[in-house]
Amino acid sequence: MSTLLRVDSSPILQSSVSRQLTEEFVQKWKARHPDGRVISRDLNQTHLAPVTGEWIAAAHTPEEQRSSEQKQALELSDTLIAELQAADEYAIGLPMHNFSVPSTAKLWIDLVARPGKTFIYADGRAKGLLAHKKATFIIASGGTYGAGTAYASFNFVEPYVRAFFAFLGVTDAASINVGGTTVLNYGQVNREAFLQPYIEAVAAQISAS
Ligand SMILES: Cc1cc2nc3c(=O)[nH]c(=O)nc-3n(C[C@H](O)[C@H](O)[C@H](O)COP(=O)(O)O)c2cc1C
């Protein structure tokens, strides 16, 4: 049985482009995997806090030596990591916020990067521990950042998440970039027509897997 982990990070609940496309991904994935299981993690419905000195000390303390406070400090991180471990495939919705990922997504990233759990250092080199996973990043941005465009170098979302997931061992990764969503806010284009190519890209991504 396959498992999909869907992650949403847009604070916009009703008209979010990335949420619409992660939902599309889930529906199409379910049609292809009728017996599959979907885990949904909404980072805007999760109480995420920045890591503290206590959290870092707990993460670096061997599991069998952790105090009950330290175990408690790592509880959410353990849960979020278990979701990544349980899934074979990830669909991760990411709006661009100030050229990077939203702060909720960064807090999640900080909680799932755990020495000994999602990566280790062996022979002086980092090794990711999330093996045989496949990720699709669905990135929505108001502007456009494709290769050759004036602001291409301002896109820190896709290179960042690709590098981060590769660090954790997830090198089988694809990205669907929905650029120029600002036009949707001004009613200049028909939303359905605007999103159609990206809905098709989601379908192509699932049939390729
Ligand atoms: C706080 C905030 C910061 C944003 N920063 C950028 C940005 O740096 N570059 C950009 O192209 N669009 C930016 N946008 C626009 C969003 O990327 C765009 O609306 C996108 O569709 C958001 O995805 P969503 O619809 O899934 O929320 C920003 C929007 C918000 C709310």
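User: Which element gives the largest share of the lining of the largest pocket?

Analyst: That's helix 7, with three residues. Keep in mind that we're looking at a predicted model here. Helix 7 covers 182–185, and the other elements giving two or more residues to this lining are helix 1 (17–32) and strand 6 (134–141).

User: What makes a residue part of the lining of the largest pocket?

Analyst: A lining residue needs an atom within 4 Å of a pocket point. For the largest pocket, 21 residues line it, and I12, V17, G142, T181 and N185 are the closest to its centre. The volume of this pocket is about 430 Å³.

User: How do you know what classes of residue line the largest pocket?

Analyst: Sort them by type and you get eight nonpolar, 12 polar and one charged. Watch out for Gly, which counts as polar in this scheme.

User: How do you know which pocket the ligand sits in?

Analyst: The test is that more than half of the ligand's atoms lie within 2 Å of a pocket's grid points. The ligand sits in the largest pocket, so it passes that test there.

User: What makes S10 a residue around the ligand?

Analyst: The cut-off is a heavy atom within 4 Å. S10 is one of 15 residues around the ligand, so it has a heavy atom inside that limit. S10, S16, S18, Y145 and T181 come nearest. Helix 1 and strand 6 each supply at least two residues of this shell, which divides into six nonpolar, nine polar and no charged residues.

User: Why is the pair between S16 and the ligand called a polar contact?

Analyst: A polar contact takes two N or O atoms within 3.5 Å. An N or O atom in the side chain of S16 is 2.7 Å from an oxygen atom of the ligand, so the pair qualifies. The side chain of Y145 also has an N or O atom 2.7 Å from a ligand oxygen. With F99 it's a backbone N or O atom, lying 2.8 Å from an oxygen of the ligand. As for cover, the ligand has 630 Å² of accessible area on its own, and the protein covers 73% of that.

User: What lines the second largest pocket?

Analyst: There are 13 lining residues, with A49, P50, W55, A73 and L111 closest to the centre. Helix 4 (75–86) gives the largest share, three residues, and helix 3 (68–73) supplies at least two. By class, the lining has eight nonpolar, four polar and one charged. The space in this pocket is about 160 Å³.

Definitions and conventions: Residues numbered from 1 in each chain as written. Predicted model: local features only at pLDDT ≥ 70, side-chain atom pairs only at ≥ 80, totals over all residues. Heavy atoms only, no water. 1 Å grid on protein atoms, 1.4 Å probe; cavity = no way out; pocket = protein on both sides within 12 Å on 5 of 7 lines; lining within 4 Å. Points joined across faces, edges and corners; volume = space filled by probe spheres on them. Helix = DSSP H or I, 4+ residues; strand = E, 2+ residues; numbered from the N terminus. Polar contact = N/O pair within 3.5 Å; in protein donor to acceptor, adjacent residues only side chain to side chain. Areas by Shrake-Rupley, 256 points an atom, 1.4 Å probe, with all protein chains shown as cover.
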